[in-house]
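Okay, thanks everyone for squeezing in. I have one structure to walk through today, so let me put it on the screen and then we'll go around it piece by piece.

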Amino acid sequence: MAGRINDDDVKVVRDAVPIDTVVSEYLQLRPAGGGNMKGLCPFHDEKSPSFQVSPSKGLFHCFGCQEGGDTIAFVMKIDHLSFSETVERLAAKAGITLRYEEGGYNPTHQRGERIRLVEAHKAAADFYVEQLGGEEAAIGRKFLAERGFDQSAAEHFGVGYSPAGWDHLTRFLRGKGFSDKELLLAGLSQDGRRGPIDRFRGRLMWPIRDISGEVVGFGARKLRDDDNGPKYLNTPDTAIYKKSQVLYGVDLAKKDIAKASRAVVVEGYTDVMACHLAGITTAIATCGTAFGTDHIKILRRLLMDNGSARVIFTFDGDAAGQKAALRAFEDDQKFAAETYIAIAPDGMDPCELRLNKGDAAVQDLVEPRTPLFEFAIRQIVSRYDLETPAGRASALDEAGPIVARIKNGASQHEVAVQLAGILGILDTQFVVKRVAQMARWARDRGGRGPAGPASSSSSSASSSASSYDSGQSPALSGPALNLRSPAHRTERELLKLALQRPELVSPAFDAYGVDEFTAPPYAAVRRAVEDAGGAEQGMASAPEYLAGVREAAPNDAVRALVTELAVEVFHGKTIDEAYAGEQLVRVRLRAVDLRIHDVTSTLARLGTGADHERHQAVQNELWVLQQYRQSLRNSGAAAL
């Protein structure tokens with residue numbers, strides 16, 4: 001039976017691995033104010049960053065899709081891991097040895113499938129690297145040398161060699177404790193007549209790493225004429241490798257892509273190597289598939305759509321390369337970045353260009369010159385005879401809808417003017433109007449798309465409230481959450497203080513009753529803080545305190561709201577004791593006003609014929625409440 005990870009060790013792992021460090025492996029983060037960081041959400045498509053990370057609290061929250069949680073929750077969600085797999089993975093990164101209950105620690109049985117497959121790939125990568133130095137691999141070393149790559153370059157990219165025998169790797173990994181089932185699931189072995197055999201044999205091997213740097217697959221280049229397989233053989237899709245969702249070299253390039261707001265997309269492994277060695281450290285490549293939507297998502301999170309971002313495609317100048325460029329243009333509008341195409345003279349790829357003309361020629365190649373839309377349009381119109389009116393009209397009919405897909409109106413107008421020039425149509429306005437008409441037709445046929453994801457805290461809070469208003473917390477009653485209500489805005493601000501800056505509101509906050517929060521969602525969060533030991537607990541350890549509040553939440557809806565409030569920025573310019581006092585007083589005043597209203601109604605219902613003592617008690621309570629209200633108004637937080 002698999003053991004349960006010790007709770008104390010889980011806490012150590014959660015505290016040891018900074019959430020901003022982990023998240024930064026997947027997307028670019030920038031300052032968002034208040035010590036928070038922001039970026040494009042990896043869990044849904046968005047144009048402006050609504051994903052926030054709070055390093056001091058160890059939490060993330062997206063105000064667009066409402067995903068949120070701690071470091072463990074983030075890794076579980078983005079890499080599709082179980083809780084134990086995630087803790088084990090983070091522990092390995094931090095160098096923490098985990099303790100297991102209910103039977104001790106057995107790595108083979110207790111590690112999740114994904115972690116085992118990743119470990120198998122790491123062991124395989126090390127094995128292939130070692131084999132590259134052997135006598136049999138001389139043909140592989142020669143291949144690299146002929147393309148300008150020395151031993152240092154091979155080591156930098158982890159290039160290796162798979163022996164030509166049937167089961168060298170399979171036997172090696174068995175000796176490391178991996179089962180035949182794991183090797184087949186990993187795609188490292190395949191079924192043979194007498195059991196599993198190596199999938200890759202007698203080939204030069206490139207490890208393919210995901211964005212976090214873990215080896216998840218391989219690209220294998222054939223070296224011998226008697227190899228009947230394809231020129232390049234890639235790992236099949238597995239639980240950890242999807243070719244449409246990985247970019248070769250992204251682990252090496254991601255920091256420079258984010259820093260320079262630029263990415264260079266090439267076609268092969270050797271092209272990536274050539275670019276990096278020539279100083280173009282933002283180069284990446286697809287792995288045996290066309291550049292598509294999932295690849296765009298990876299780059300957009302790194303580029304963060306900051307307006308100056310550029311993506312340069314370096315496709316071969318042959319027919320296949322032109323076709324690839326046109327496919328890339330199909331997805332061009334999914335980028336906020338400017339897209340360009342670079343084709344080397346004589347149709348050489350970056351690897352050939354570096355070998356023949358040196359590093360400077362590669363650097364010159366990727367300087368943006370031809371916008372991708374211009375290249376695509378010219379490829380389309382080149383099929384028509386532009387010397388005749390009929391040819392120009394036909395070319396406009398095919399190229400026009402391409403330009404009409406450009407969403408930005410100003411850009412669409414500008415490109416339409418350029419299209420007129422390419423076609424040789426003197427009446428520029430005719431082409432502009434024709435393209436605009438095509439755009440309207442396309443909108444009418446397709447209908448208008450859904451509204452974009454919410455990017456502000458107010459809109460996200462409204463969506464959060466819907467889960468409460470639909471009855472997820474039937475025990476709570478009161479007015480629906482309305483952020484146009486000053487009372488609800490103040491309650492929200494006070495809860496944010498209690499979660500993010502508890503030292504500013506303790507111990508006064510802990511004396512507030514749940515009923516002082518008039519919005520049911522906020523009352524639920526107040527209850528969770530109380531059940532976790534109160535805001536005073538947060539003065540010792542913020543991550544532990546917030547984890548306790550999240551655990552005390554009665555359901556996922558309340559838990560998500562806790563996370564949201566814990567990372568949301570404050571409305572005030574200066575967050576200090578004075579600001580905290582204002583929020584405390586406003587919430588208390590609102591509660592006192594409501595109580596005065598209730599007591600006044602009770603007094604009216606009693607009338608003059610009521611029991612004297614009962615009437616006197618209600619009058620006394622009203623007098624005390626009115627005096628307290630006046631004190632709050634005159635003295636502020638000092639009256640609490």
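**Salt bridges first**

Let's start with a group of charged residues: Asp79, Arg89, Arg114, Asp210 and Glu214 are linked in a network of salt bridges. Before I go on, keep in mind that this is a predicted model. Searching the whole structure turns up 35 salt bridges, and I'll pick out a few of them.

Take Asp227 and Arg203. Their side chains meet in a salt bridge, at 3.1 Å from N to O. This pair links distant parts of the chain, 24 residues apart: Asp227 sits in the loop between strand E12 (215–222) and strand E13 (232–234), while Arg203 belongs to strand E11 (residues 203–209). So are these two buried or exposed? Asp227 has 17% relative accessibility, so it counts as buried. Arg203 has 3% relative accessibility, so that one counts as buried too.

Next, Glu398 and Arg383. Here the salt bridge comes out at 2.4 Å, N to O. Glu398 lies in helix H18 (residues 389–404) and Arg383 in the loop between helix H17 (372–381) and H18, so the pair ties together parts that are 15 residues apart in sequence. Glu398 has 28% relative accessibility, so we call it partly exposed.

And then there's a pair within one helix. The side chains of Lys496 and Glu493 form a salt bridge at 2.9 Å, again N to O. Both residues are in helix H22 (residues 486–500), and because they are three residues apart, about one helical turn separates them. Lys496 and Glu493 are both buried.

**Around Ser162**

While we have Arg203 in view, rotate to Ser162, which is found in strand E8 (residues 160–162). Its relative accessibility is 0%, so it counts as buried. What is Ser162 in contact with, leaving aside its neighbours within four places in sequence? The list is Tyr128, Glu136, Phe200, Arg201, Gly202, Arg203 and Met205. So Arg203, which we just met as the salt-bridge partner of Asp227, turns up in this list as well.

**The antiparallel sheet**

Now over to the sheets. Quick reminder: strands of a sheet pair through backbone hydrogen bonds, either parallel or antiparallel.

One sheet here is open, with five strands in the order E2-E3-E4-E5-E6, and the pairing is antiparallel. Its edge strands are E2 (30–33) and E6 (68–70), each of which pairs on one side only. From one strand to the next, the twist averages 25 degrees. If you zoom in on strand E4 (residues 51–54) and strand E5 (residues 59–62), you'll see them pair in the antiparallel sense over four bridges. Within that pairing, Gln52 has His61 in E5 as its bridge partner.

**Helix H1**

E6 brings us to helix H1 (residues 7–16). Which residues of H1 are buried? Asp9, Val10, Val13 and Arg14. Look down the axis of H1 and those buried residues fall within an arc of 140 degrees, so they line one face of the helix. What they pack against is strand E1 (4–5), E6, helix H3 (71–79) and helix H4 (83–94). And have a look at the start of H1, where a side-chain oxygen of Asn6 comes to within 2.8 Å of the backbone nitrogen of Asp8.

**The mixed sheet**

Further along the chain we get another open sheet of five strands, in the order E15-E14-E16-E17-E18, and this one has mixed pairing. The edges are strand E15 (283–285) and strand E18 (370–371), each pairing on one side only. Helix H11 (residues 250–260) packs on the sheet, where it touches strand E14 (262–266) and E15, and its direction makes about 130 degrees with that of E15. For a parallel pair, go to strand E16 (residues 310–313) and strand E17 (residues 338–341), which pair over four bridges. There, Phe313 stands opposite Ile341 in E17.

**One hairpin to finish**

Last stop. Strand E9 (residues 189–192) and strand E10 (residues 195–198) pair in the antiparallel sense, also over four bridges. How many residues does the hairpin use to join E9 to E10? Two. And the bridge partner of Ser189 in E10 is Asp198.

That's my tour, so let's open it up for discussion.

Terms used: Residues numbered from 1 in each chain as written. Predicted model: local features only at pLDDT ≥ 70, side-chain atom pairs only at ≥ 80, totals over all residues. Heavy atoms only, no water. Pairing = 2+ DSSP bridges. Axes fitted to C-alpha atoms, helices over the stretch in contact; angles between N-to-C directions. Buried < 20%, exposed > 50% of the residue type's maximum accessible area, 1.4 Å probe, protein only. Arc of directions from axis to C-beta. Contact = heavy atoms within 4.5 Å. Polar contact = N/O pair within 3.5 Å; in protein donor to acceptor, adjacent residues only side chain to side chain. Salt bridge = Lys/Arg side-chain N within 4 Å of Asp/Glu carboxyl O.
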